[in-house]
Amino acid sequence: MRSPASIVIPLCSAVGYTFAAMALKRAMDGGHPWRVLFIVNLIGAVLFQTWLLHGGEPFTTTNVLHAILAGTAFFIGQVFTFIAISRGDISIATPVLGTKVIFVALLVCLAGGELDSKLWVATFLTTLALALLGGEWRANRERLLVSVVFAFLASVAFAATDVMQQHWVPAFGFGHFGPVMFLTVGALSFSLIPFFSAPLRQMPRPMVIWAFGGGTLLTIQAMGIAYCIAVYHEVTVTNVLYNTRGLWSVALVWVVGHWFANAEKHVGGGIMTRRLIGALILLAAVYLSLA
């Protein structure tokens, strides 16, 4: 019998991700994307050390190197995600980020030399969904391109991270792999300092509060997903439930986005409805790729 927690936690993480994304976009609206990312990644590096209590396999050079490589890929994905969110729209970028699991399936299949017919259908559905998500092409071409292109690049980077974890976590244990991986992310974040628009201490207090709040929520929801996969081993169910964040990103931005000074709903009810339908189709594509 499936544990209720294996369903509740991914759904809560999906909602948590959307609120975190809105909070972080609010922080980045002040023109501080790289300082916000720096804060977020340091929070993640610290909080993920609690996984050390879970234990794992020995700290060998090979195991540590694998975790560092996964952390590097994740950091690249974070950079692309922040570009997509800060310069584009959450209600477009978040559903597109859900295609990560399709890229995971594609990478795994291509590595084995076989492409399942369901993946072709999933790819077609993804294309259709993107056409709906980009319904306002003429009016907002730049924001649409940024949202889609960088969210896709982030999805590829995160997919590579997942494939690495799938291959290497068993030999190290996530209780050790996760902390090393996120320490790597934290360390790489110092490379962002030259791109700061001003010193971190000069960042406006309200933006710092939004960044810390969004970063903490983002890390907690990520730990929830990691916990579900590590404890319940239901990767398919967890990913499908978690990818409802694409639906939440449209619905919550539409309904409560103004709490975060988010103006995306003002693109119009017709466009937001198309985005919602597009998010639903993307969720169907994700389900197919995992089935």
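What follows is a walk through this chain, from its overall build to a few helices, a pocket and some single residues.

Keep in mind from the start that this is a predicted model. The overall picture is easy to take in: the chain has 12 helices and zero strands. If you trace the sequence from one end to the other, the pattern simply reads α-α-α-α-α-α-α-α-α-α-α-α. Of the 291 residues in the chain, 51% are buried. Take the contacts with a separation of 6 or more, and you'll find that 89% of them are between residues 24 or more positions apart. As for the outside, the accessible surface of the chain is about 13000 Å², and carbon and sulfur atoms account for 71% of that.

Now let's go to helix α8, which covers residues 174–188. How far apart are its end C-alpha atoms, and what should its 15 residues span? At 1.5 Å a residue the helix should span 21 Å, and the end C-alpha atoms sit 20 Å apart, which agrees. Then there's the matter of its surroundings. Buried here means under 20% relative accessible area, and 12 of the 15 residues of α8 are buried, so this helix is largely enclosed by the rest of the structure. Among those buried residues are F174, F177 and F182, along with G175, G178 and G186. H176, P179, V180, M181, T184 and V185 are buried in α8 too. What do they pack against? The buried residues of α8 pack against α2 (33–47), α3 (61–87), α7 (141–172) and α9 (205–232).

Just past that helix, I193 sits in the loop between α8 and α9. With a relative accessibility of 38%, I193 counts as partly exposed. Its C-alpha atom is separated by 8.1 Å from that of F38, although the two residues are 155 apart along the chain.

Helix α4 makes a good companion to α8. It runs over residues 90–97, and eight of its eight residues are buried, so α4 is largely enclosed by the rest of the structure. The buried residues are I90, S91, I92, A93, T94, P95, V96 and L97. Two of these turn up again when you look at S147, a residue of helix α7. Is S147 buried or exposed? It is buried, because its relative accessible area is 0%. Setting aside neighbours within four places in sequence, S147 is in contact with I92 and A93, and also with A84, G88 and D89.

A similar case is T18 in helix α1 (residues 5–28). T18 has a relative accessible area of 1%, so it counts as buried. Beyond its neighbours within four places in sequence, T18 is in contact with R245, W248, S249 and L252.

Finally, have a look at the largest pocket, which holds about 1300 Å³ of space. It is lined by 48 residues, and K100, D162, Q165, I225 and I229 lie nearest its centre. Which helix gives the most to this lining? That would be α9, with eight residues. Sorted by class, the lining has 29 nonpolar residues, 16 polar ones and three charged ones.

Note on methods. Residues are numbered from 1 along each chain as its sequence is written. This is a predicted model: local features need pLDDT of at least 70, side-chain atom pairs count only at pLDDT 80 or more; totals for chains, interfaces and linings use all residues. Side-chain values use heavy atoms; hydrogens and water are left out. Helices (H or I, at least four residues) and strands (E, at least two) are DSSP runs, numbered from the N terminus. The expected span of a helix is 1.5 Å times one less than its number of residues. Buried means under 20% relative accessible area, exposed over 50%, partly exposed in between (1.4 Å probe, protein chains only). Contact means heavy atoms within 4.5 Å. On a 1 Å grid over the protein atoms alone, a cavity is a set of points where a 1.4 Å probe fits but cannot get out, and a pocket is an open set with protein on both sides within 12 Å along at least five of seven lines; lining residues have an atom within 4 Å of a point. Grid points are joined across faces, edges and corners, and a volume is the space filled by probe spheres set on the points. Ala, Val, Leu, Ile, Met, Phe, Trp, Tyr, Cys and Pro count as nonpolar, Asp, Glu, Lys and Arg as charged, and the others, Gly among them, as polar. Accessible areas come from the Shrake-Rupley method with a 1.4 Å probe; for residues, only the protein chains shown count as cover.
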